[in-house]
Amino acid sequence: MASNRELFLMNTAQTSNSPRMVEVERAEGVYVYGPKGEKYMDLVSGFNVSNIGHRHPKVLAALQEQMDRYLHVTVYGEYIQAPQVQFATNLLAVLPNTFGSVYLTNSGAEAVEGSMKIAKKYTGRRQIIAARKAYHGSTQGALSLIGNDEYRKAYAPLLPEIDFIDFNVMDDLAAITEKTAAVILEAIQGEAGIRIPDVAYMQAVRKRCDEVGALLIFDEIQTGFGRTGRLFAFEHFQMVPDILMLAKGIGGGMPLGAFVASKEIMDVIKDNPMLGHITTFGGHPMSCAAAIASLAVIQEEDLVAQVAVKEALFRELLQHPKIQEIRGLGLMMCLQVANFEQVYNISTYCAQQEVMIDWYLHCETALRIAPPLTITEDEIRNACAVIIEAVEKYA
Ligand code: PLP
């Protein structure tokens with residue numbers, strides 16, 4: 001009989017010619033376990049998802065309770081489902097009161113799609129401005145915003161009237177005009193290899209959008225839910241976007257996304273035509289039950305407050321002459337090395353030692369580190385020892 005390894009390559013669509021091929025038996029906390037007793041430390045959090053670790057007991061309890069009540073009952077937006085209503089309410093309670101309505105999706109890309117639609121409908125404009133080196137997802141609308149020609153060309157034609165500016169470059173803000181429906185930016189560019197904008201830049205973007213009547217949409221799909229040392233990264237910039245897009249860490253390991261706006265902006269979606277943006281599974285009750293528990297864990301365990309201390313420990317332990325820079329904010333960090341060969345060799349060696357780090361879509365000279373926020377000091381020490389060993393060998 002074929003092994004799962006063989007069936008994976010044969011029967012499941014491949015997204016590259018070099019998948020990591022780690023077979024998963026179970027996962028718990030910061031660890032992913034393989035069938036032969038492998039114990040991988042997950043320093044990537046399943047790509048910024050497992051902020052509270054894998055299979056947090058409070059998430060499991062919430063799932064169990066919801067499972068005993070109901071799974072899918074009907075499409076999003078028709079019946080009153082307590083997990084959706086309560087999660088939306090809890091989410092709004094931790095956001096500034098300029099936000100007043102939550103639309104729940106299945107994924108990040110769908111939050112991006114919905115946000116683009118409400119921005120166009122609300123402003124009556126068509127142009128959307130995104131940033132070079134941005135990543136907002138792989139559906140055709142979200143892909144239209146990808147700041148990388150190679151990816152756009154391969155799937156052209158994509159959406160019209162998308163224009164690009166350089167991230168964190170003040171002069172480019174003049175491109176935002178009365179024709180602009182929305183500016184879509186990651187709060188911190190992730191796939192570009194962690195690019196942190198200046199506070200003054202983000203405030204200038206906000207001001208420019210206000211001047212010309214464009215909406216400012218923040219993609220906090222990687223940065224949300226405590227990852228950067230604040231519950232949401234926009235808090236670092238002392239400004240508030242008009243639309244906030246969330247996913248990944250929102251659901252405690254369950255698939256969920258959301259876009260959040262004022263009630264006035266969100267209400268454009270409900271008529272003219274009615275049902276112009278609908279989803280069957282968006283805001284699945286199991287995912288929302290998990291999201292309620294996950295947000296409560298972040299608050300009750302005071303995880304956000306611990307991020308800065310853990311970041312400082314990583315920075316202290318990862319000092320090495322061959323690591324050119326540790327770029328990041330909170331536990332969203334990257335290690336800048338010389339070339340892709342080093343990135344590949346270092347991450348491969350770490351994987352062999354059962355410490356999982358990774359790389360980025362638009363930056364081939366940096367290593368990705370984004371552990372669960374629950375990682376302990378001892379775990380950080382063990383992980384960093386392996387990374388330094390890899391850097392000694394391969395950088
Ligand atoms: N936006 C950002 C910043 C992302 O990193 C991602 C996914 O990696 C997305 C959007 C798309 O999210 P999803 O993969 O859930 O569609």
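**Entry 1: helix α12**

I started where α12 begins: there, a side-chain oxygen of asparagine 339 comes to within 3.3 Å of the backbone nitrogen of glutamate 341. A reminder to myself before going on: this is a predicted model.

Next I checked the helix itself. α12 covers residues 340-352, 13 residues in total, and from its first C-alpha to its last it reaches 18 Å, close to the 18 Å expected at 1.5 Å a residue. I then looked past its end and found glutamate 354 just after α12, with a positive phi of about 70°.

Which residues of α12 are buried? My list reads Gln342, Val343, Ile346, Ser347, Tyr349, Cys350 and Ala351. I followed them outwards, and they pack against β3 (39-42), β13, β14 and α13 (377-394).

**Entry 2: helix α4**

I gave α4 the same treatment. This helix runs over residues 82-93, has 12 residues, and spans 16 Å between its first and last C-alpha, close to the 16 Å expected at 1.5 Å a residue. Its buried residues are Pro83, Gln84, Phe87, Ala88 and Leu91.

Why do these buried residues line one face of the helix? I looked down the axis of α4 and saw that they fall within an arc of 125°, so they share one face. The textbook background helps here: an α-helix has 3.6 residues a turn, so residues three or four places apart point the same way.

What does that face pack against? I noted α3 (57-67), β4 (101-105), β9 (243-246), β10 (257-261) and α10 (285-300) as partners of the buried residues of α4.

**Entry 3: the ligand**

I turned to the ligand and wrote down the residues around it: Ser107, Gly108, Ala109, Tyr135, His136, Gly137, Glu186, Asp219, Ile221, Gln222 and Lys248.

Then I looked up some distances from oxygen atoms of the ligand. One oxygen atom is 2.8 Å from a polar backbone atom of alanine 109. For glutamine 222, I found a ligand oxygen 2.9 Å from an N or O atom in the side chain. For lysine 248, the value to a side-chain N or O atom is 3.0 Å. As for cover, the protein takes up 81% of the 390 Å² of accessible area that the ligand has on its own.

**Entry 4: three buried polar residues**

Glutamine 336 came up first on my list; I found it in strand β12 (residues 332-336). Is glutamine 336 buried or exposed? Its relative accessible area is 11%, which is under the 20% cut-off, so glutamine 336 is buried. Its side chain makes a polar contact of 2.7 Å with the side chain of threonine 365. Beyond its neighbours within four places in sequence, glutamine 336 is in contact with residues including Lys322, Ile323, Arg327 and Cys363.

I looked at aspartate 358 next, in the loop between β13 (355-356) and β14 (366-369). Aspartate 358 also counts as buried, at 16% relative accessibility. Not counting residues up to four places away in sequence, aspartate 358 touches Arg20, Val44, Phe47, Ala366, Leu367 and Arg368.

My last stop was asparagine 148, in the loop between α6 (140-144) and α7 (149-154). Asparagine 148 has 17% relative accessibility and counts as buried. I found its C-alpha 5.7 Å from that of lysine 133, though the two are 15 residues apart in sequence. Which side chain does asparagine 148 join by a polar contact? I traced the contact to the side chain of histidine 362, at 3.1 Å.

Definitions and conventions: Residues are numbered from 1 along each chain as its sequence is written. This is a predicted model: local features need pLDDT of at least 70, side-chain atom pairs count only at pLDDT 80 or more; totals for chains, interfaces and linings use all residues. Side-chain values use heavy atoms; hydrogens and water are left out. Helices (H or I, at least four residues) and strands (E, at least two) are DSSP runs, numbered from the N terminus. The expected span of a helix is 1.5 Å times one less than its number of residues. Buried means under 20% relative accessible area, exposed over 50%, partly exposed in between (1.4 Å probe, protein chains only). The arc is that of the directions from the helix axis to the C-beta atoms. Contact means heavy atoms within 4.5 Å. A residue is near a molecule or strand if one of its heavy atoms lies within 4 Å of it. A polar contact is a pair of N or O atoms within 3.5 Å; within protein, one must be able to donate a hydrogen and the other to accept it, and residues adjacent in sequence count only if both atoms are side-chain atoms. Accessible areas come from the Shrake-Rupley method with a 1.4 Å probe; for residues, only the protein chains shown count as cover.
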